[in-house]
Each structure stands twice: as C-alpha cells, then as structure tokens.
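Please open the model in your viewer and keep the sequence panel beside it, so that you can select residues by number as you read. Each stop on this tour says what to select and then what is there.

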Amino acid sequence: MKNFIQHIIVIFLISFTLTVQSQSSITSDSIQSYIEKAEKLQEEYKYEQSLEIAQAALHYAQYNNDDKSLGYINNIIAKNYETSEDDNEARRYYRRALTYARSSKSEALETDLYNNLARVFTKHNLTRKQGVDYYKKSYEFAVRLKDTIRMIRPLLNLGEYYISRNDFDSSYEYLAPARKLIHQKSSNLDKTKLNSLLGKYFLSVREFIKSEEYTDKAISYAIGETKNKKNNDELISRYYEELASAYETKSGLYVKQDDYRKAYDYQKKQFQNILQANSHKKLKELRRANIKYEVDVFEKRAKKAESEKKESDSEVVKWRISIILGIILILISLAFLISAYKNNIQKKRLNNDLIDKNKELISAKETAEQVSTLKSQFISTVSHELRTPLYGVIGLTSLLMEDPDKKKTNEYLESLKFSGDYLLALINDVLQLSKIETNEVKLEKVSFDIRTLIEGIVNSLHTKQKSNNNTVHIDIDKKINTTLLGDSVRLSQILINLIGNALKFTKDGNIWVSVKCIDSKDDNYGLRFIVRDDGIGIPKNKQQTIFDNFAQVKNENQEYEGTGLGLAIVKKLIHLHDSEIHIKSKENKGSEFYFDLYYEKAVKEQEILLKTGENLSIGTSNFYVLIVDDNKINQIVTQNILKKKGYTCNIANNGMDAIKMLKNEKFDLVLMDINMPEMNGLEATKVVRTFNPNIPIIALTAVEEGEIRNQALSVGMNDVIIKPYDTQQFFQTIMRNISKVKMI
C-alpha cells in the first residue's frame with residue numbers, strides 16, 4: 001500500500017512538471033505571436049490596434065524576463081509613435097529597446113535601432129549631430145556583423161542627410177562605399193535611392209552628363225516598381241517619393257542649362273509623383289503649396305519668354321510703320337513701366353513689412369506660451385527637488401531630538417526643524433497658488449471631524465503661539481454634528497493661513513476661532529467660520545489689497561516675515577467653494593475674518609470602520625517592510641523611524657532591485673518612491689502586481705499628491721504618503737493598509 005502511494009505521488013509530480021513546462025512554452029509562443037500580429041497591423045496602418053497588441057506582448061515578456069522580445073516589442077511601439085509624429089515618445093521607446101537589445105546581445109536588433117534613432121534625431125535641428133552619430137554607429141555594427149544590407153542602409157541615409165545640408169563632399173564619402181556594396185541582387189529600392197542621390201551629387205559638381213545618367217537609372221527602377229502589384233502601398237509610396245526626388249533633380253538640371261520649358265515639365269512630374277506618394281501613404285499633410293509655387297514660377301518664366309518674343313515682333317512691325325509713332329509709344333510705355341515698377345516696389349515693401357510683423361507676433365505668442373509652460377514645469381520641479389532634501393533635514397532632526405544623550409543640542413535642533421518647516425510652508429504656498437491659477441485644484445469629499453481638525457491646526461501652530469505669548473480660544477456651535485463630509489485639506493489650508501496671520505500680528509493677546517451654524521437642513525450644514533484677534537489691525541486703505549499676491553501689511557516699527565501669499569491663497573480657495581471672505585478691522589483694535597461654507601453631514605469614522613470591518617489594532621508591530629528609494633538620506637530616515645516602532649526593514653535602491661527582492665523574500669508592506677533610475681516606482685508596481693497582487697504598496701514620494709495619486713492607484717498601489725509627513729499619520733496609513741490584507 002505504501003509503495004502504491006509513493007508511485008501515485010511520483011506520477012503526480014511528473015505530470016505537474018510537464019504542465020508547467022507546457023504553460024511556459026505556450027507563454028513564449030504567445031509572445032512571438034503577439035509580436036508578429038503587432039508588426040502586421042503596423043504594415044496595414046492600424047497603428048492603435050498594433051499598439052494595443054504590443055502592450056499585451058510587453059506584459060508577458062516582462063513577466064518572463066524575456067529581454068530579447070522586450071527589445072523587439074519596444075521597437076514596434078517606438079515605430080508607431082514615430083509614424084504618429086510623436087518623436088519624444090518614439091525616442092524613449094527606441095532607447096528602451098536598445099537597452100534590452102544590449103542585455104540580450106541581439107546585435108542585429110541593436111544595429112537597426114541605431115538607424116531608427118538616427119532617423120528620429122535628424123529631424124530636429126538641436127539633435128541632428130547626435131542623429132548622424134547614431135547612423136555611423138549603425139554602420140559600424142553592420143560591418144562587424146558583415147551584413148551588407150544593414151551596411152547599405154545607414155550609408156544611404158548619411159549620404160541623403162549631407163545632400164539635404166548641401167554638404168556634397170561629405171555626402172560622396174558615404175555614397176562611394178554604398179555604390180561598391182550594392183550589386184545586382186540588391187533591392188530595387190536601394191538601387192533607386194543610390195542612383196537618385198548620385199544624380200543630385202553630380203548635379204552639384206556640374207557634371208551634367210553623369211547626373212542625368214544616374215537620375216535616369218533611378219527613374220527607370222522606380223517606374224518599374226510602382227507598377228509591380230506585389231508591392232504594398234507603403235513601398236509603392238516610397239518609390240513615388242524617389243521618383244519625385246529624381247524628377248526634381250532633372251528639373252534642376254535643365255534650370256542650370258536655362259531650358260525652362262523642360263524644367264517646368266519635370267517639375268510638374270515631380271508634383272504629380274508626390275501626390276501619388278501621398279495618396280498611397282495617406283499622409284495628413286501634403287507639400288502641395290511649396291511644389292505648386294515652384295511649378296508656377298517655371299510656368300511664369302516660360303510664358304514671360306513667349307510674351308517678350310511677341311512684344312519684340314510687334315515693336316519691329318511698328319518701327320517699320322512709323323518711327324515717330326514708335327518713339328511716342330516707347331516713351332509712354334517707359335513712363336507706364338516706371339510708374340508700375342515704383343508701385344510694385346512699394347507694394348512689396350509693405351507686404352514684406354506685414355510678413356515681418358506677423359512673424360514677430362507669432363514668435364511673441366509662442367514665446368509667451370513657452371514661458372507659461374516653463375513656469376509651471378519650473379515650479380513643479382523645484383518643489384520636488386526641495387522637498388526631498390527637506391524630508392532628510394526634518395526627519396533627521398526629529399530623530400536627534402528623541403535621543404536622550406543630546407539634550408543640550410535640542411534648542412538648536414528645534415530651531416533647525418522650525419526653519420525647515422517654514423521653508424516647506426513657503427514652497428507649498430508658491431505651488432498651491434500656481435495650481436489654483438492653472439485650475440488644477442479640485443474639491444474632494446472626505447469624512448472629517450471639524451473639532452479635531454481645528455484643534456490639530458492650533459496645536460501645529462504652538463511655536464508661533466508661544467513666541468508671541470498669545471492665547472487661542474476655540475468655540476464650535478453645539479448644534480453642529482462635528483463629523484462632516486467635504487474637502488478637509490482645503491479647509492485646513494484656509495484656517496492655517498488665517499490663524500497663522502492672527503498669531504503673527506498679535507502680541508500678548510487673544511485669538512478666537514469660532515464655527516457657527518447659520519443653516520441646517522436634512523443633509524447639509526451652512527457654517528460660518530470666524531477668526532478674530534486683538535492685534536495691530538489693518539488700515540482701511542489696505543483692506544482691499546491684502547488679498548492680492550505678495551501683499552503684506554507693515555507698520556513703522558516692525559516688518560513681518562512671509563511671502564504675502566497666504567491671504568491670496570485663502571481668497572482663491574474660498575472662491576473654489578463659491579463663497580467670499582469678509583473683513584472687519586480697525587488699527588490697533590484687531591481684525592476679524594469670516595466666510596461661509598456648506599458641508600454635508602457624515603457618519604463618524606468609528607462607525608465607518610465598524611461597517612467596513614477595518615481594525616487598526618491587529619496585535620503586533622513586528623512587520624517586515626521593504627523601503628524602495630534611491631536617496632541614501634531618505635533610506636536612513638525612513639528606516640530609523642520604522643525601527644523605533646519595532647519594524648524590521650530592508651532597502652532596495654531602485655525598482656529592478658525591489659522586484660528581485662519581492663520574488664525571493666516575504667514582506668508585509670512596500671514603501672515605494674516614484675522617481676528612481678533604471679525603473680521608476682510606477683513601472684515596478686505594474687510588474688510586482690503580475691506575481692504578487694495582495695502585498696500593500698504605498699507610494700512614499702515628494703511629488704504633489706494631486707499629480708501622482710491617480711497614477712499610483714491606476715498601476716496597483718494602495719495608498720500615497722507625501723514627504724515630508726506627520727509621523728502619526730504615517731503609521732496610521734501603514735497600519736490601515738496592513739490590516740486590510742491581514743483580514744483577507
């Protein structure tokens with residue numbers, strides 16, 4: 001019986017192993033199938049569908065750690081973005097594909113990617129030099145592979161690039177070796193392109209016979225291929241483009257030989273072939289205007305020549321009829337021509353002035369738009385870069401203040417922390433004002449306790465209260481059920497600024513914070529918030545301007561620090577609630593600010609927790625936490641804060657390291673930074689969710705919450721903590737997310 005059971009177990013293990021191997025094979029086959037399908041859709045101009053298939057393949061390839069497939073998939077995605085003229089995204093995916101190609105040692109793909117990158121970079125003035133370098137790298141890799149086809153491609157592209165820059169000598173340095181590599185079995189497209197470029201080169205050095213010879217060869221190859229029914233639309237389009245380029249060369253050839261009639265005929269053919277190319281390729285923009293203009297120029301020259309010949313014959317006849325009549329007609333004609341010439345010169349001058357003014361206006365408009373965009377980007381970037389070191393300063397200071405052996409330094413550390421908090425408040429003011437002005441602030445609805453919120457604000461301003469020896473009185477109407485539903489964050493910002501101002505401009509006095517119920521319905525409260533002080537007051541002539549940006553109230557004896565943004569932010573935030581702020585004040589008597597807001601009634605948080613089953617007291621604090629952050633100071637601060645609570649920690653320096661550690665170890669929670677090298681927090685979370693859907697992942701970041709929360713939740717993160725943070729709120733967030741998992 002025992003042997004029978006052992007045989008059964010062995011058979012089961014063998015079957016399980018074969019099943020796993022089969023599934024792995026199916027997954028690998030699926031990736032290749034997705035890649036082929038995405039490429040086919042790309043050839044059929046179905047770019048959105050191709051992108052969707054490629055994204056699915058990307059997901060499977062990341063799960064399998066298949067770097068070679070990841071390289072090909074990112075190349076497909078990049079081509080889709082390049083086709084849709086989104087060059088920034090194209091560059092990003094080509095570079096990512098290049099990284100995977102290198103790691104998988106796919107030299108052929110690496111060669112193609114350098115050529116693709118070069119094509120994107122040479123489109124723009126600022127990156128053309130880098131694009132040329134990529135073409136040269138592509139050629140070097142192709143030589144190493146001894147791949148003739150891949151060698152020809154960058155050589156022709158370099159030749160075409162230098163011809164477009166009118167650097168014909170440099171162009172010939174690449175066309176000459178390309179001519180040696182192209183043979184009878186080479187593709188007709190390469191032969192067409194080479195002959196077309198050689199035609200342009202010899203035209204530039206005035207060897208007209210050679211130029212015509214090579215150009216005619218290019219035309220011959222191209223015409224043959226446009227009639228080949230085996231070619232797809234894209235390939236036929238490229239042949240029509242080469243035909244158009246060759247006819248342009250022929251036209252230029254006859255221009256230099258002063259044969260404008262033939263030049264016009266070939267220019268017309270050039271225009272026709274461009275239209276053919278665009279109709280096959282379905283381009284959104286045609287170059288019709290430019291080419292039609294050039295065609296018209298040559299047509300006018302030809303007509304002008306014929307007209308001048310007729311006029312000349314007419315003048316001879318008239319001269320023979322009557323010399324005197326001819327002289328009179330000539331004088332009249334000369335007078336008319338002089339007058340017309342002067343009028344024409346004046347019209348051209350006015351037209352040129354108008355064109356210049358229009359260009360200046362367009363340039364000024366673009367500059368203004370760029371400045372506005374740069375301003376927003378600058379504020380966001382500076383905010384993030386300053387928040388990160390501030391997190392280290394404030395966090396380390398808090399840790400040092402808790403060390404019993406360092407009591408003598410507490411006074412200095414407290415000042416340092418106050419300075420850090422003050423600088424952070426300034427940054428938040430500037431950022432908040434910018435967001436309100438760009439309509440980025442949206443009101444949210446969350447449950448909060450009005451009494452707890454106001455008491456918390458007063459406690460947070462204890463240092464200011466103590467420094468000026470003030471007393472704060474809180475009075476909340478007993479009619480109000482203190483649990484409300486609304487945007488507690490915006491209300492906090494309003495009250496912090498108003499109470500903070502009252503504390504700053506009052507010395508040895510009192511501040512009253514009152515909340516009165518002015519309206520009560522079934523589901524809503526109308527509340528009046530009043531902040532009153534007995535401080536220095538505000539002069540009558542300043543009461544209308546104190547809500548402007550950077551406005552401050554100053555007296556003769558003292559200047560008060562600050563940016564002057566507090567009341568401007570208060571006014572804008574109250575406007576978001578469709579309300580107004582009012583002021584009553586007399587100099588040396590004090591000031592009163594009041595405003596009305598409406599909030600919905602809400603159940604208390606304890607009741608919510610009972611209904612949802614959440615329990616923050618889960619009996620232990622010995623959790624194993626993974627900290628993912630590339631900043632060493634941030635690692636030290638977070639690690640020590642968690643250790644003081646009895647947590648065990650481990651560190652990952654980037655998203656790639658975090659994925660490896662999560663596959664090999666069991667953690668209770670992940671604190672994930674967003675901006676990191678190699679792989680950022682959002683991308684890392686996507687990968688983690690493919691093999692571990694349950695572990696709580698909390699974004700621990702200095703990026704503004706409004707900017708990152710939706711992105712974080714969409715990729716599978718559970719929550720967001722903004723640095724620097726309140727330690728109590730930090731642990732509440734951690735416990736809330738761990739408790740949810742423990743109850744599953």
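The tour begins with the whole chain and then visits helices and single residues in turn.

**The whole chain**

Select everything to begin with, and keep in mind that what you see is a predicted model. The chain contains 25 helices and 12 strands, and of its 744 residues 40% count as buried. If you consider the contacts between residues at least 6 apart in sequence, 65% of them join residues at least 24 apart.

**Two helices side by side: α3 and α5**

Select residues 67–83, which form helix α3, together with residues 107–121, which form helix α5; their axes come within 11 Å and cross at roughly 20°. Angles under 35 degrees count as roughly parallel, and α3 and α5 are therefore described as roughly parallel to each other. The crossing in which α3 passes α5 is left-handed. To see where the two helices touch, show the side chains of K68, G71, Y72, N75, K79 and E82 on α3, and those of L109, L113, N116, R119 and V120 on α5, since these residues make the contact.

**Helix α8 and its neighbours**

Now select residues 168–181, the 14 residues of helix α8, which reaches 20 Å from its first C-alpha to its last, close to the 20 Å expected at 1.5 Å a residue. Colour S170, S171, Y174, L175 and A178, which are buried in this helix. What do the buried residues of α8 pack against? Add α6 (128–145), α7 (148–164) and α9 to the selection, and you will have the helices against which they pack.

**A lysine in α9**

Move on to helix α9, residues 188–204, and pick out K191 within this helix. Is K191 buried or exposed? With a relative accessible area of 6%, K191 is buried, because buried means under 20% relative accessible area. Leaving aside residues up to four places away in sequence, K191 touches I182, H183, Q184, S186 and Y221.

**The two sides of α10**

Select residues 208–226, the 19 residues of helix α10, and place a distance between the C-alpha atoms at the two ends: they are 27 Å apart, which agrees with the 27 Å that the helix should span at 1.5 Å a residue. Then colour its buried residues, which are F208, S211, Y214, T215, A218, I219, A222, E225 and T226. If you turn the view to look down the axis of α10, these buried residues fall within an arc of 145°, so they line one face of the helix. On the face turned away from that buried side, look for the exposed residues I209 and S220.

**An isoleucine in α21**

Further along the chain, select helix α21, residues 632–644, where I636 has its place. At 44% relative accessibility, I636 counts as partly exposed. Add I651 to the selection: although I636 and I651 are 15 residues apart along the chain, their C-alpha atoms are separated by 9.6 Å.

**A second pair: α22 and α23**

For the last stop, select helix α22, residues 655–664, and helix α23, residues 681–691, whose axes come within 9 Å and cross at roughly 15°. At such an angle, α22 and α23 are therefore roughly parallel to each other, and α22 passes α23 in a right-handed crossing. Finish by showing the residues that make the contact, namely G655, I659, L662 and K663 of α22 with A684, V687, V688 and F691 of α23.

Definitions and conventions. Residues are numbered from 1 along each chain as its sequence is written. This is a predicted model: local features need pLDDT of at least 70, side-chain atom pairs count only at pLDDT 80 or more; totals for chains, interfaces and linings use all residues. Side-chain values use heavy atoms; hydrogens and water are left out. Helices (H or I, at least four residues) and strands (E, at least two) are DSSP runs, numbered from the N terminus. The expected span of a helix is 1.5 Å times one less than its number of residues. Buried means under 20% relative accessible area, exposed over 50%, partly exposed in between (1.4 Å probe, protein chains only). The arc is that of the directions from the helix axis to the C-beta atoms. Axes are lines fitted to C-alpha atoms, for helices over the stretch in contact, and angles run from 0 to 180 degrees between N-to-C directions. Angles under 35 degrees count as roughly parallel, over 145 as roughly antiparallel, 65 to 115 as roughly perpendicular and the rest as oblique. A crossing is left-handed if the near helix is turned anticlockwise from the far one by less than a right angle, and right-handed if clockwise. Contact means heavy atoms within 4.5 Å.
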